[in-house]
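Me: I have a model open and want a quick walk through its sheets and one pocket. Can we take it piece by piece?

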Amino acid sequence: MEMLLPPVCTKLCHQKPLDLKDDNTEIHCPVTVNPWHMKKAFKIMNELRSQNLLCDVTIVAEDMEIAAHRVVLAACSPYFHAMFTGEMSESRAKKVRIKEVDGWTLRMLIDYIYTAEIQVTEENVQVLLPAAGLLQLQDVKRTCCEFLESQLHPINCLGIRAFADMHACTDLLNKANTYAEQHFSDVVLSEEYLNLGVEQVCSLISSDKLTIASEEKVFEAVIAWVNHDKDVRQELMARLMEHVRLPLLSREYLVQRVEEEILVKNSSACKDYLIEAMKYHLLPTEQRALMKSTRTKLRTPASLPKLMMVVGGQAPKAIRSVECYDFKEERWHQVAELPSRRCRAGMVYMGGMVYAVGGFNGSLRVRTVDSYDPVKDQWTSVANMQDRRSTLGAAVLNGLLYAVGGFDGSTGLSSVEVYNLKTNEWFHVAPMNTRRSSVGVGVVGGKLYAVGGYDGASRQCLSSVECYDANTNEWSYVAEMSTRRSGAGVGVLNNLLYAVGGHDGPLVRKSVEVFDPIASTWKQVADMNMCRRNAGVCAVNGLLYVVGGDDGSCNLSTVEYYNPTTDKWTVVSSCMSTGRSYAGVTVIDKPL
């Protein structure tokens, strides 16, 4: 019978030719290494420990006693090595008490020393990491840091940053700091931000690396932080405003918002910063460079890799499928499906989460809202809207999610409701002047625009456009489009509002027009390569992407993008896995 041996690794040595006459010749034999030896030895040592055999020390933490072998602890932990080989009294003691660690955490770490296995969770990581640092178990500490890095989110990154700083985790500290800079607009909505000290706020807002659409975000973040504890913090306004780059704001915003802010009016130093910004705008462009100030320097954020996320849609019925396009890798991949079928929904990216709002599930118009976490790749439900609505428009304005118009199954809607992420509640604001289903929306210059659609009453598609001012809670008409468009894709690029495709009755359009809010005029730009209605639109890296839709007869899987510099449309070589119209489309940061 053949005997089975464990696998071995044999290292063959270079052998010299053997000279039989030379009695001093050293014979080089192969060295055999058994890769299972160490693992088996530790396994048996752990079994001996569990049976309390050959143990020569008891480690005590709180009311827990853990029998162990000095040599094993010393071999794996520099902390125990120093304790047992030095002149300390513990080197001879039968019982050694460790005061800085709780019993359960110490047991986990001693188990790790014997087994090389440990499970890091949200519940234990905050006690496990400092304990691993104390025992100098660097591999465990590194694992804890990697776990925390995987959990980074706008609502917790500042806390993780402070935790990493406290425990000298330099790499995690840098990554949490970079994350906070790259997700600044969402981070400043968190409780962690509002509870920072003034030095930490100054440090954050002074960074050149903040990723922001506009310096308005920094000014509003300062005002929000001061108002959170106004009586104590208002005297700190000047220190904070030193780091807000007011010259980079538009003249309109400086006059209408900054100058009118009571916290600015009450501070002479803040008024000086406002005057500096006004002087900057009065200078001819070529002379502005002569103003040497950190406040006139453009921020230079490191660009985060982006994904385009396409959620649900009709193919030809409502579907659950969700896929993402990686711009860098130029390919599509599937992510977690929707909890239930959904098309004709509103879609936004807010606070690091994607929200699918309302829509149609194949039989009913719904008021439900699902939220997707890109880091965890999972969907959860949040508060329902007050009204059922499909073919609605959805957008984010001042950190709130707006659901605009739509169709409830019997009539087109003019109503508008707003979701507050902090309270998980919906409330109504002023309705539009016109009922609009199949409406497109976009935010430009702090105003919300509702574009075209179908009113159901006149039985005609709409060319009219309305604008919502959150300060006055009023809708007002602006210039009409040159053509009627229902189911147009609406996107914002370079502070201009684009209306893409759509239809007027049976006629599906490939034409595109663009609205300039300052001039209050529409103009035609280049046509798309194909007719599309009910397509998704998003802007990324200076380009406007149009995704799927239908051409009047079939759903499209193609994507094309518009370059405003060349006034040309280009079809993306990689198609979606399935043709879909009425899908939700948004751009998200690629999870780290």
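Me: In what order do the strands of the open sheet of three strands run?
Reply: The order is S4-S3-S5, and the pairing is mixed. Strands here are DSSP runs of E with at least two residues, helices are runs of H or I with at least four, and both are numbered from the N terminus. Two strands pair if DSSP finds at least two bridges between them.

Me: Which are the edge strands?
Reply: Strand S4 (64-68) and strand S5 (95-97), each pairing on one side only. Neighbouring strands of this sheet are turned by 25° against each other on average, direction ignored. Axes are lines fitted to C-alpha atoms, for helices over the stretch in contact, and angles run from 0 to 180 degrees between N-to-C directions.

Me: What kind of model is this, and how are things numbered and filtered?
Reply: It is a predicted model, with residues numbered from 1 along each chain as its sequence is written; local features need pLDDT of at least 70, side-chain atom pairs count only at pLDDT 80 or more, and totals for chains, interfaces and linings use all residues. Side-chain values use heavy atoms, with hydrogens and water left out.

Me: Back to the sheet. In which sense do S3 and S5 pair?
Reply: Parallel, over three bridges, with strand S3 covering residues 57-61. Valine 60 stands opposite arginine 97 in S5.

Me: What packs on the sheet?
Reply: Helix H4 (residues 103-115), which touches S3 and S4. Its direction makes about 15° with that of S4. Contact means heavy atoms within 4.5 Å.

Me: And how many bridges join S3 to S4?
Reply: Five, and the two strands run antiparallel. Threonine 58 sits opposite alanine 67 in S4. S3 and S4 form a hairpin with two residues between them. Glutamate 62 in that turn has a positive phi of about 55°.

Me: Which residues of S4 are on the covered face?
Reply: Met64, Ile66 and Ala68. Glu65 and Ala67 make up the uncovered one.

Me: New topic: how much space lies in the second largest pocket?
Reply: About 270 Å³. A volume is the space filled by probe spheres set on grid points, which are joined across faces, edges and corners. On a 1 Å grid over the protein atoms alone, a pocket is an open set of points with protein on both sides within 12 Å along at least five of seven lines, and a cavity is a set where a 1.4 Å probe fits but cannot get out; lining residues have an atom within 4 Å of a point.

Me: Which lining residues are closest to its centre?
Reply: Of 13 lining residues, those are Lys39, Phe42, Tyr114, Thr115 and Ala116.

Me: Where does the largest share of the lining come from?
Reply: From H1, with five residues. Helix H1 (37-50) and H4 each supply at least two.

Me: How many of the lining residues are nonpolar, polar and charged?
Reply: Eight nonpolar, two polar and three charged. Ala, Val, Leu, Ile, Met, Phe, Trp, Tyr, Cys and Pro count as nonpolar, Asp, Glu, Lys and Arg as charged, and the others, Gly among them, as polar.

Me: Now S11. How many of its residues are buried?
Reply: Seven of nine, in a strand spanning residues 365-373. Buried means under 20% relative accessible area, exposed over 50%, partly exposed in between (1.4 Å probe, protein chains only).

Me: In which sense does S11 pair with S10?
Reply: Antiparallel, over six bridges. The bridge partner of phenylalanine 360 is arginine 365.
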